[in-house]
Amino acid sequence: PQVVTIHDLAPFRLAGKYDALRMFYGKQVVKRLARRADAVTAVSETTAADIREFFNVSPERLSVIYNGIDHERFFPLPREEIARRLPITADWSEPWWIYVARLEHPGKNHLRLLQAFASVCAASPTSSFRLVLAGADWHGAAEIHQAIAASPVRDRIHCAGFVPDEDLPAWYSGARALVFPSLFEGFGLPPIEAMACGCPVLCSDRGSLLEVTGGAAGIFDPEEPHAIAASMQNLLASKEQQTALIQAGLLRAAQFRWECCAKETVALYDRASGKPNQQNL
């Protein structure tokens, strides 16, 4: 059987997300693959709704199978382990804010986050917070680097580049919060990874992010820098909110496991091929 997994339909939802060739692939080639497939899986209900709308795939051929995360890797780390794993120095006296996403403009919305971070720093002049941008350069990265160079708090913005999988838990565990202002996601793994590491999550309300974070994140409008800044400042001001988001996040992250994803995927392939479901025998 031919089974197609679709992670998002960003080309239909976000202008300028990719270059012209990738936009064509996402809109035309993926549509043809989906229409010919025996079964189509989406990684979220949001993506499934987009598939029905833009590809006209019948409901009986469409399934939702959520992504998972590796809980043996993503869990809260103690401070000494964070310091051992990361290239941080003694002047990093306060936890940092972190955004884990490739440096992509406009889709990942770094420019508005930079504006928000500058506002938070101006409102807290005695703090020494840093903003860590963890991700490799991609489409539109030059504009992001220009904005960093022009920022009044550029000395407090750290571009970590591509972060190896083994280092991500330490970055999450040491952060004050993950701030995730993406303009569109078909699923959004970093918020769930951060939650599993005991890191509070402040998140955009776009794409699948409300669905996936499931009420365990602070939510903001990503097109309003003042809303992003207000969300960050509210978290700074409230230990109760920090604790509540940590606890809610740990519970939410526990619901996403690759073992469940794998079992559901195997069952889908069995159904598509006409095999009996071995789990029910």
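Buried means under 20% relative accessible area, exposed means over 50%, and partly exposed lies in between, using a 1.4 Å probe and protein chains only. Keep that rule at hand for the exercises below.

This is a predicted model, in which local features need pLDDT of at least 70 and side-chain atom pairs count only at pLDDT 80 or more, while totals for chains, interfaces and linings use all residues. Residues are numbered from 1 along each chain as its sequence is written, and side-chain values use heavy atoms, with hydrogens and water left out.

**Exercise 1. A pair of tryptophans**

Task: Find out how the rings of Trp92 and Trp171 are arranged, and whether each residue is buried or exposed.

Solution:
Step 1. Start with the pairing rule: rings of Phe, Tyr and Trp (its six-membered ring) pair if their centres lie within 6.5 Å; planes under 30 degrees apart are stacked, over 60 edge-to-face, and the rest tilted. The count by this rule is 12 aromatic pairs.
Step 2. Trp92 and Trp171 form a tilted pair, with 6.2 Å centre to centre and 50° between the planes.
Step 3. Now place them, remembering that helices (H or I, at least four residues) and strands (E, at least two) are DSSP runs numbered from the N terminus. Trp92 is in the loop between helix 4 (79–85) and strand 4 (96–100), and Trp171 is in helix 7 (residues 168–174), so the pair links distant parts of the chain, 79 residues apart.
Step 4. Trp92 has 13% relative accessibility and therefore counts as buried. Trp171, at 4%, counts as buried too.

**Exercise 2. Rings with company**

Task: Which residues form an aromatic cluster with Phe12, and which ring does the charged end of Arg22 sit over?

Solution:
Step 1. Phe12 forms one aromatic cluster with Phe54 and Phe55.
Step 2. For charges, the test is that NZ of Lys or CZ of Arg is within 6 Å of the ring centre and within 35 degrees of the ring normal.
Step 3. The charged end of Arg22 sits over the ring of Tyr18, 4.6 Å from its centre. Arg102 lies over the face of Trp138, at 3.6 Å from the ring centre.

**Exercise 3. Two helices that cross**

Task: Describe how helix 10 and helix 11 cross, and which residues meet.

Solution:
Step 1. Axes are lines fitted to C-alpha atoms, for helices over the stretch in contact, and angles run from 0 to 180 degrees between N-to-C directions.
Step 2. The axes of helix 10 (residues 225–237) and helix 11 (residues 239–253) come within 5 Å and cross at roughly 100°.
Step 3. Angles under 35 degrees count as roughly parallel, over 145 as roughly antiparallel, 65 to 115 as roughly perpendicular and the rest as oblique. Helix 10 is therefore roughly perpendicular to helix 11.
Step 4. Contact means heavy atoms within 4.5 Å. Asn234, Leu235, Leu236 and Ala237 of helix 10 meet Lys239, Gln241, Gln242 and Leu245 of helix 11.

**Exercise 4. An enclosed helix**

Task: How many residues of helix 8 are buried, and what covers them?

Solution:
Step 1. In helix 8 (residues 189–196), 7 of the 8 residues are buried, so the rest of the structure largely encloses this helix.
Step 2. The buried ones are Pro190, Pro191, Ile192, Glu193, Ala194, Met195 and Ala196.
Step 3. Their cover includes strand 4, helix 7, strand 7 (175–180), strand 8 (201–204), helix 9 (209–213) and helix 11.
Step 4. Just after helix 8, Gly198 takes a positive phi of about 75°.

**Exercise 5. Backbone surprises**

Task: Where do Asn56 and Asn109 lie, and what kind of peptide bond joins His105 and Pro106?

Solution:
Step 1. Begin with the background: most residues other than glycine have a negative phi, and most peptide bonds are trans.
Step 2. Asn56 is not a glycine, yet has a positive phi of about 55°. Asn56 lies in the loop between helix 3 (45–55) and strand 3, and counts as exposed at 63% relative accessibility.
Step 3. Asn109, also not a glycine, has a positive phi of about 65°. Its place is the loop between strand 4 and helix 5, and at 3% relative accessibility Asn109 counts as buried.
Step 4. The bond joining His105 and Pro106 is cis, with omega about 10°. Pro106 lies in the loop between strand 4 and helix 5 (110–123).
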